[in-house]
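Here is a short briefing for a reader new to this structure. Please look over the sequence and the model first, then work through the points below.

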Amino acid sequence: MFNVMALRESVWEMLDASLKKRDTTTQFDRGDISFIIIAGAMVFFMIPGIAFLYSGLSRRKSALSLIWAVSASNAVCIFQWYFWGYSLAFSPTATNGFIGNLANFGLINVLGDPSPGSPLIPDLLYSFYQMEFACVTVGILMGGIAERGRVLPAMIITFLWMTLVYCPLACWPWNINGWAFKYGVFDYAGGGPVEIGSGIGGLAYSWVLGRRQEKELQNFRPHNVSMVNLGTFMLWFGWLGFNGGSAFGANLRAIMAVWNSMLAAAFGGIVWCLLDYRLERKYTMVGFCSGTIAGLVAATPASGYIHPWAAVIMGIVTGVVCNYATKVKSLIHVDDALDLFAEHAVGGILGLLANAFFASRSIIALDGVNLNVTGGWVDHNWKQLYIQVAYICAVCSYTFVVTALIVKCVDCIPGLHLRTTVEGEKLGLDEVEIGEYANDYIEVRRHFMDWTTFGNGTSAHRSSVAGDKHDHPTLAQRDQQQNLHIEESNPDTNSADEKTLDLPHADAASVSS
């Protein structure tokens, strides 16, 4: 006879076993997990933001090559991080304090254990989130090749740089066995690995790569300021996940980091714009965007440590110092075309120094994990200043030397020379490296007598015939040459035809270049 009681007991045993299994797999708060997944996706959105920003800041003839370099470096970084990058940065069994080992090669054993960065989220999620940090860093680094660097060597350099520079830099302050972590360094979301790493690394890359041709350095202007603004606000959006997510949970510290990021960015943008107005009497959009990014950079290492009033001070100081730091490249004769040093390196340094003065125990404890960490000078922890300075010096010197060595060694490999040719630089990297263009255009032609000056007057002088940006004859020039040839072969041609000569093509990009 069918035993109902036995069946009921077996069902209850199965349910009990299922609940116990469920408890072991959900030791983490689902809200924290969801928040970090979304924050990681927001950080990923910074990749096209960097691409559009760099493209807008460059000349039209090299705009697409920078989008390509940022996009492709993202793919290389994902492979490197899966292959051995995460293990070299965060494997907890390495004890040398400098770099991890290969215990988690290929994400082996990276599953549901508490992460090395926080007990609030699992190791697998932490590895994804940190991978996006690495992708943003190499995307910023790609600004070093602007308008003269070949993209294939840049991809080789990306893999090597990730392995020999970024992974050690990430290990130092964030691995539980890193020397900077044990030393007591305050680096919330990457002032050293991300900002100084990309800024100083980009400076070293530009130094080895060499300056652009002098003609390319004259009258340089961004070709698409609207794209600069679009890229900046995409970055700002992603930065909220970058800094907010570095609390590794949906907690008050994450909200404080978001608030501090907003304040630092706003004040940095306003101050930079006002400084530019002082010189040019124009409220430049590029200036506002540059200051905004500088403020966000400074907030990266500091937003999870300081009070909002300190973020305001930090944003103002960063806007001023980073603005003047753009002059450094001229003093040292390094063609840092997109100001990686002035914005990312200097901004990261200022954010790390802000921690020495303004880091507060009450802000750090808002995550519910770091309850007994003493802040900086506001908590009477005077030694924090020299700890931060020592860390800054170590990161800057290591990054510059190793990056320069990597770039120089790759340049010596046959077929991997870093720079395009003089002719390639003249034509633009979009044509010689990519074969496509960010912005196509329609050539506009005017009759000579239809061209008027500003007002109601008519131009009395013909513009000089100079060719387009490639020094190729324009359609107008070819028409002029053809008309002159006809006149020479037929002297009786009506001289009135001269009035229909076309102006040379006024190419917007050639004007900006």
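**Loop between helix 4 and helix 5**

Asparagine 109 has a relative accessible area of 60%, above the 50% cut-off, so this residue is exposed. The model is a predicted one. The points below start with this loop, then turn to a helix, two side-chain contacts and two pockets.

- Asparagine 109 sits in the loop between helix 4 and helix 5.
- The phi of asparagine 109 is near 65°. That is a positive value in a residue other than glycine.
- Leucine 107 belongs to the loop between helix 4 (63-90) and helix 5.
- Leucine 107 also has a positive phi, near 60°, and is a residue other than glycine.
- Is leucine 107 buried, exposed or partly exposed? Its relative accessible area is 25%, so leucine 107 is partly exposed.

**Helix 8**

- Helix 8 covers residues 191-209, which is 19 residues.
- How does its span compare with the expected one? At 1.5 Å a residue, helix 8 should span 27 Å. The C-alpha atoms at its ends are 25 Å apart, which agrees.
- Helix 8 has a kink of about 35°. The kink is centred on glycine 197.
- Of the 19 residues in helix 8, 17 are buried, so the rest of the structure largely encloses this helix.
- Glycine 210 comes just after helix 8. This glycine takes a positive phi of about 95°.

**Two side-chain contacts**

- Threonine 300 is part of helix 12.
- Threonine 300 has 0% relative accessibility, so it counts as buried.
- Which side chain does threonine 300 contact? Its side chain makes a polar contact of 3.2 Å with the side chain of glutamate 195.
- Asparagine 177 lies in the loop between helix 6 and helix 7 (179-183).
- Asparagine 177 has a relative accessibility of 15%, under the 20% cut-off, so it counts as buried.
- The side chain of asparagine 177 reaches the backbone oxygen of proline 92 at 2.8 Å.

**The largest pocket**

- The largest pocket holds about 1100 Å³ of space.
- Its lining has 42 residues. Closest to the centre are Phe220, Val286, Lys329, Ala337 and Asp339.
- Several helices each supply at least two residues of this lining. They are helix 3 (46-57), helix 10 (225-244), helix 11 (252-280), helix 12 (285-302), helix 14 (328-332) and helix 15 (340-358).
- Which helix gives the largest share of the lining? Helix 11 does, with six residues.
- By class, the lining of the largest pocket has 23 nonpolar, seven polar and twelve charged residues.

**The second largest pocket**

- The volume of the second largest pocket is about 590 Å³.
- Its lining is made of 28 residues. Gly117, Phe181, Arg253, Tyr305 and Asn370 lie nearest the centre.
- Helix 5 (123-141) and helix 6 (151-174) are the elements that give two or more residues to this lining.
- Helix 5 gives the most, with three residues.
- By class, the lining of the second largest pocket has 19 nonpolar, six polar and three charged residues.

Methods: Residues numbered from 1 in each chain as written. Predicted model: local features only at pLDDT ≥ 70, side-chain atom pairs only at ≥ 80, totals over all residues. Heavy atoms only, no water. Helix = DSSP H or I, 4+ residues; strand = E, 2+ residues; numbered from the N terminus. Expected span 1.5 Å × (residues − 1). Bend = angle between axes of the 7 residues up to and from the residue. Buried < 20%, exposed > 50% of the residue type's maximum accessible area, 1.4 Å probe, protein only. 1 Å grid on protein atoms, 1.4 Å probe; cavity = no way out; pocket = protein on both sides within 12 Å on 5 of 7 lines; lining within 4 Å. Points joined across faces, edges and corners; volume = space filled by probe spheres on them. Nonpolar A, V, L, I, M, F, W, Y, C, P; charged D, E, K, R; others polar. Polar contact = N/O pair within 3.5 Å; in protein donor to acceptor, adjacent residues only side chain to side chain.
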